[in-house]
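Reader: Hi! Could you walk me through this one with me? I'd like to start with the charged pairs.

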Amino acid sequence: MISGLLTTLAGSAWARAALRYGVTALAILLFLLALRRSGERAGRLATTEKANDVQRQMLEAAARRPRDRNELAERLRDGRF
């Protein structure tokens with residue numbers, strides 16, 4: 001009984017049209033979701049690059065800082081600070 005009903009529905013023109021529109025809508029939805037996800041990944045990548053740049057600058061500044069009072073005083077006298 002059910003297989004006969006499915007055969008009848010699958011064979012009708014409106015069922016095929018509904019299936020076609022449903023598949024098209026699903027394809028568009030999946031495309032938009034993939035587009036959104038790639039945009040999120042790109043945003044995370046830019047944020048990560050910015051954070052890495054800030055971290056690199058902090059490490060460079062820490063490497064340039066005076067090691068002790070004498071070095072600090074020497075830099076201040078020479079005007080290199």
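Author: Happy to. This is a predicted model, and Glu 71 is a good place to begin: with a relative accessibility of 26%, Glu 71 counts as partly exposed.

Reader: Which side chain does Glu 71 meet in a salt bridge?

Author: That would be Arg 75, with 3.4 Å from N to O. Both residues sit in helix H3, which covers residues 69-78, and they are four residues apart, about one turn of the helix.

Reader: And Arg 75, buried or exposed?

Author: Arg 75 counts as buried, because its relative accessibility is 17% and the cut-off for buried is under 20%.

Reader: Nice. How many salt bridges turn up in the whole structure?

Author: Three, from a search of the whole structure. Besides the one between Arg 75 and Glu 71, there is a salt bridge between Asp 53 and Arg 56, and another between Glu 60 and Arg 56.

Reader: Which residues get joined into one network, then?

Author: Asp 53, Arg 56 and Glu 60, through salt bridges that share partners.

Reader: What are the distances? Start with Asp 53 and Arg 56.

Author: For that pair, the closest N and O atoms are 2.3 Å apart. Glu 60 and Arg 56 come in at 3.0 Å, N to O.

Reader: How far apart are those partners along helix H2?

Author: Asp 53 and Arg 56 are three residues apart in helix H2, so about one helical turn separates them. Glu 60 and Arg 56 are four residues apart in H2, which again means a separation of about one helical turn.

Reader: Why would such side chains pair at all?

Author: In general, side chains of opposite charge can pair when their charged atoms come close.

Reader: What about accessibility for Asp 53, Arg 56 and Glu 60?

Author: Asp 53 is partly exposed, with a relative accessible area of 31%. Arg 56 is partly exposed at 39%, and Glu 60 is partly exposed at 37%.

Reader: Switching topic: which residues make the nonpolar surface patch?

Author: Leu 26, Leu 29, Leu 30 and Leu 33 make it, and the patch measures about 380 Å². Leu 29 lies in helix H2, which runs over residues 13-64. At 45% relative accessibility, Leu 29 counts as partly exposed.

Reader: And zooming out, how many helices and strands are there?

Author: Three helices and zero strands. From the N terminus on, the order of elements is α-α-α.

Reader: What share of the residues is buried?

Author: Buried residues make up 5% of the 81 residues, and Arg 75 is one that counts as buried. As for the surface, the protein exposes about 7,400 Å², with carbon and sulfur atoms supplying 64% of that area.

Reader: Last thing, confidence. What is the mean pLDDT?

Author: The mean pLDDT is 82, and 84% of the residues reach 70 or more.

Reader: Which element has the lowest mean pLDDT, and which the highest?

Author: Helix H1, residues 2-11, has the lowest at 62, while H3 has the highest at 88. H3 is also the helix that holds Arg 75 and Glu 71, the pair we started with.

Methods
Residues are numbered from 1 along each chain as its sequence is written. This is a predicted model: local features need pLDDT of at least 70, side-chain atom pairs count only at pLDDT 80 or more; totals for chains, interfaces and linings use all residues. Side-chain values use heavy atoms; hydrogens and water are left out. Patches are made of residues with over 30% relative accessible area and no salt bridge: like charges are joined within 9 Å, nonpolar side chains (Val, Leu, Ile, Met, Phe, Trp, Tyr) within 5 Å. Accessible areas come from the Shrake-Rupley method with a 1.4 Å probe; for residues, only the protein chains shown count as cover. A salt bridge is a side-chain nitrogen of Lys or Arg within 4 Å of a carboxyl oxygen of Asp or Glu. Helices (H or I, at least four residues) and strands (E, at least two) are DSSP runs, numbered from the N terminus. Buried means under 20% relative accessible area, exposed over 50%, partly exposed in between (1.4 Å probe, protein chains only). pLDDT is the predictor's confidence in each residue, from 0 to 100.
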